[in-house]
Amino acid sequence: MSSQPRQVPVVETFFDPATFTASYVVHDPATLRAAIIDPVLDFSPRNARTSTRSADALLEYVAGKGLKLDWLLETHAHADHLSASHYLREKTGAPIVIVQPGQTYGPHDHSLASDQLHRAHDGRLRYIAFPDAGVAWVHVHDLADGILAALDRGRLGEAYSLGGESLRMEEAI
């Protein structure tokens, strides 16, 4: 076992206000190996056109830092997010890994669902939004472990659902 402290990954966030989507470049500062997470394909509803401006900014960042892009990771593949993963794969050759997390909760989560959990825990919850909605909860640390397992042992072309027990919101709170 190494006595060297484990380095914390570097996470750079790229926010696209037009689509209200965050994309990330995560890299290991020791090896410079990197992943791009949830790369957005720009979309203009005004003229129904797409562009790769945001994806190109991710590539510029990766090149500027001298990073080796190992993975393109999709965690947000649904109707309100157009993905630039295929464009980036064509440009870099990096494989695409798809993981679909359930409702994530844990440190630094500011979603409505997690806010309800915090309010219920603190005795400040006045009502439960969507009490009958089914939610598969997953703690952020378990999600991170699942993503690493998918990257390490996953197969190309497969998608992985990462979530725990499915509960109604009312049951979870």
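Two strands pair if DSSP finds at least two bridges between them. By that rule S7 and S10 pair, in the parallel sense and over 4 bridges. The model is predicted. This briefing covers two open sheets, the helices packed on them, several loop residues and one pocket. One sheet is formed by 6 strands, the other by 3 strands.

**The sheet of 6 strands**

- The strand order is S1-S2-S3-S6-S7-S10, and the pairing is mixed.
- The edges are taken by S1 (10-16) and S10 (159-162), each of which pairs on one side only.
- On average, neighbouring strands of this sheet are turned by 25 degrees against each other, direction ignored.
- Within the parallel pair of S7 and S10, valine 99 has tyrosine 160 of S10 as its bridge partner.
- Helix H1 (residues 53-64) packs on this sheet and touches S1, S2 (21-27), S3 (33-37) and S6 (68-74). The direction of H1 makes about 160 degrees with that of S1.
- Helix H4 (residues 140-153) also packs on this sheet, with S6, S7 and S10 as the strands it touches. Between the directions of H4 and S7 the angle is about 155 degrees.

**The S1-S2 hairpin**

- S1 and S2 run antiparallel and are joined by 7 bridges.
- Aspartate 16 has threonine 21, in S2, as its bridge partner.
- The two strands form a hairpin with 4 residues between them. In the turn, phenylalanine 20 has a positive phi of about 55 degrees.

**The sheet of 3 strands**

- This open sheet has the order S8-S9-S11, again with mixed pairing.
- S8 and S11 (166-168) are the edge strands; each has a single partner strand, so one side of each has no neighbour in the sheet.
- From one strand to the next, the twist averages 45 degrees.
- S8 pairs with S9 (residues 134-139) in the parallel sense over 3 bridges. Tyrosine 105 stands opposite histidine 139 in S9.
- H4 packs on this sheet too, touching S8 and S9. The direction of H4 makes about 80 degrees with that of S9.

**Loop residues with long-range contacts**

- Glycine 102 lies in the loop between S7 and S8 (103-105). Its relative accessible area is 23%, so glycine 102 is partly exposed, given that buried means under 20%.
- Not counting residues up to four places away in sequence, glycine 102 touches Ala136, Val138, Leu162 and Gly163. The C-alpha atoms of glycine 102 and alanine 136 are separated by 4.9 Å, although the two residues are 34 residues apart along the chain.
- Leucine 32 is placed in the loop between S2 and S3. With a relative accessible area of 32%, leucine 32 is partly exposed.
- The contacts of leucine 32, not counting residues up to four places away in sequence, are His27, Lys65, Gly66, Leu67 and Lys68. Leucine 67 is 35 residues from leucine 32 along the chain, and their C-alpha atoms are separated by 4.9 Å.

**Loop residues with positive phi**

- Aspartate 38 is found in the loop between S3 and S4 (42-44). Its phi is near 55 degrees, a positive value in a residue other than glycine. Aspartate 38 counts as buried because its relative accessibility is 6%, under the 20% limit.
- Alanine 48 is found in the loop between S4 and S5 (49-51). The phi of alanine 48 is also positive, near 55 degrees, in a residue other than glycine. Alanine 48 counts as exposed because its relative accessibility is 56%, over the 50% limit.

**The second largest pocket**

- The second largest pocket has a volume of about 170 Å³. It is lined by 12 residues, and the closest to its centre are Ser85, His86, Arg89, Ile96 and Ile98.
- Helix H2 (85-92) and strand S7 (96-101) each supply at least two residues of the lining. H2 gives the most, with 3 residues.
- By class, the lining has 5 nonpolar, 4 polar and 3 charged residues.

Terms used
Residues numbered from 1 in each chain as written. Predicted model: local features only at pLDDT ≥ 70, side-chain atom pairs only at ≥ 80, totals over all residues. Heavy atoms only, no water. 1 Å grid on protein atoms, 1.4 Å probe; cavity = no way out; pocket = protein on both sides within 12 Å on 5 of 7 lines; lining within 4 Å. Points joined across faces, edges and corners; volume = space filled by probe spheres on them. Nonpolar A, V, L, I, M, F, W, Y, C, P; charged D, E, K, R; others polar. Axes fitted to C-alpha atoms, helices over the stretch in contact; angles between N-to-C directions. Contact = heavy atoms within 4.5 Å. Buried < 20%, exposed > 50% of the residue type's maximum accessible area, 1.4 Å probe, protein only.
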